[in-house]
Amino acid sequence: MKNFLVIGLGEFGKSVAKTLYKNKATVLAIDSREGVIKQALNEGMIEEAIILDATDEIALKKVVRDDFDTAFVSVGDNIQASILITLQLKEMGVKNVICKAVNHTQEKVLYKIGATQVVFPEELMGEKVAYSVLRPTIIEYFKFAEDYFIYEVKVPKSYVGKSLMELNLRHKYEINILAVKHSDGKMNVTPDPNVKLNKDDLLIILSNENVIDRVTKD
């Protein structure tokens with residue numbers, strides 16, 4: 001079982017801790033605010049939480065174990081604290097440190113002192129909301145490689161009642177249909193090219209960003 005450390009229980013930190021815990025991971029949450037820790041424990045969001053000022057190196061050393069796979073530093077609004085905590089975690093030997101940041105200057109500093117990954121939750125959410133308006137047929141997406149994304153998309157009206165073989169999407173757009181998700185929740189990861197698509201199906205597509213609009217056009 002993997003062990004995770006989450007420092008800072010703001011909205012981002014709570015979401016990370018809750019998701020990890022729901023997926024059976026061992027999570028230790030740290031926050032300097034007693035009320036926040038009590039609320040997280042009372043709501044069953046996590047099982048183990050400590051009231052602690054993580055900028056205090058001596059106090060932090062007492063709780064950071066050797067078996068933590070990854071630490072999340074979600075005190076991005078306090079730039080000085082996030083930098084200090086990240087530096088201390090790296091000096092303590094934590095291999096993976098994922099940090100929340102509020103600007104790109106902070107991001108540069110965090111990477112320089114050893115952060116494994118730096119995220120901008122507000123920026124990502126804004127991007128996804130805008131994307132959902134511009135491309136309403138796309139349910140979800142994430143970057144797979146340079147210029148390539150994996151998309152979860154609604155079946156366009158023009159595809160309904162046709163098979164993947166008839167549509168010939170791979171040849172037409174140079175994309176890969178990785179799976180078909182049916183309305184009953186079942187995922188077919190080896191879709192039969194002869195099966196007809198239904199209006200409530202979802203397609204999981206690996207595609208170049210430049211062609212996805214043509215692929216999903218009704």
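# Aromatic pairs, cores, salt bridges and a surface patch

The count of aromatic pairs in this structure comes to four. Please keep in mind that this is a predicted model. A search of the whole structure also finds eleven salt bridges, and the largest nonpolar core holds 24 residues. Here is a friendly walk through these features, topic by topic.

**Aromatic rings**

- A pair of aromatic rings is described by the distance of the centres and the angle of the planes.
- Y141 and F149 form a tilted pair, with 6.1 Å from centre to centre and 55° between the planes.
- F149 also pairs with Y151, again in a tilted arrangement, at 5.8 Å centre to centre and 35° between the planes.
- Y141, F149 and Y151 belong to one aromatic cluster.
- Are Y141 and F149 buried or exposed? Both Y141 and F149 are buried.
- F149 counts as buried because its relative accessibility is 12%, under the 20% cut-off.
- Y151 is buried too, because its relative accessible area is 1%.

**Nonpolar cores**

- Which members of the largest nonpolar core touch the most other members? They are L5, I7, I30, L60, V64 and L89.
- Three strands and helices that each supply at least two residues of this core are among the following: β1 (3-7), β2 (26-31) and α3 (57-63).
- β4 (70-73), α4 (79-91) and β5 (96-100) likewise each supply at least two residues of the core.
- Leaving aside neighbours within four places in sequence, I7 is in contact with I30, L60 and L89, which are also listed with I7 among the core residues that touch the most other members.
- The other contacts of I7, with the same neighbours left aside, are A54, F72, V73, S74, V75 and I85.
- A second core, separate from the largest one, has 20 residues, including I138, V155, Y173 and L203.

**Salt bridges**

- The side chains of K100 and E122 meet in a salt bridge, at 3.9 Å from N to O.
- This pair links distant parts of the chain, since K100 sits in strand β5 and E122 in helix α6, 22 residues apart.
- What do the accessibilities of this pair look like? K100 counts as buried because its relative accessibility is 9%, whereas E122, at 52%, counts as exposed.
- Salt bridges that share partners join D77, K100 and E122 into one network.
- R33 and D31 form a salt bridge through their side chains, at 2.8 Å from N to O.
- R33 counts as partly exposed because its relative accessibility is 41%, while D31, with a relative accessible area of 5%, is buried.
- D200 and K199 also meet through their side chains in a salt bridge, at 3.5 Å from N to O.
- D200 is partly exposed, with a relative accessible area of 46%, and K199 counts as exposed at 61% relative accessibility.

**Surface patch**

- Which residues form a nonpolar patch on the surface? They are M125, V129 and V133, with about 310 Å² of accessible area together.
- M125 lies in helix α6, which covers residues 121-134; E122 of the salt bridge with K100 is in helix α6 as well.
- M125 counts as exposed because its relative accessibility is 53%, over the 50% cut-off.

Definitions and conventions. Residues are numbered from 1 along each chain as its sequence is written. This is a predicted model: local features need pLDDT of at least 70, side-chain atom pairs count only at pLDDT 80 or more; totals for chains, interfaces and linings use all residues. Side-chain values use heavy atoms; hydrogens and water are left out. Patches are made of residues with over 30% relative accessible area and no salt bridge: like charges are joined within 9 Å, nonpolar side chains (Val, Leu, Ile, Met, Phe, Trp, Tyr) within 5 Å. Accessible areas come from the Shrake-Rupley method with a 1.4 Å probe; for residues, only the protein chains shown count as cover. A salt bridge is a side-chain nitrogen of Lys or Arg within 4 Å of a carboxyl oxygen of Asp or Glu. Helices (H or I, at least four residues) and strands (E, at least two) are DSSP runs, numbered from the N terminus. Buried means under 20% relative accessible area, exposed over 50%, partly exposed in between (1.4 Å probe, protein chains only). A nonpolar core is a set of buried Ala, Val, Leu, Ile, Met, Phe, Trp, Tyr and Cys residues joined through side-chain atoms within 4.5 Å. Contact means heavy atoms within 4.5 Å. Rings of Phe, Tyr and Trp (its six-membered ring) pair if their centres lie within 6.5 Å; planes under 30 degrees apart count as stacked, over 60 as edge-to-face and the rest as tilted.
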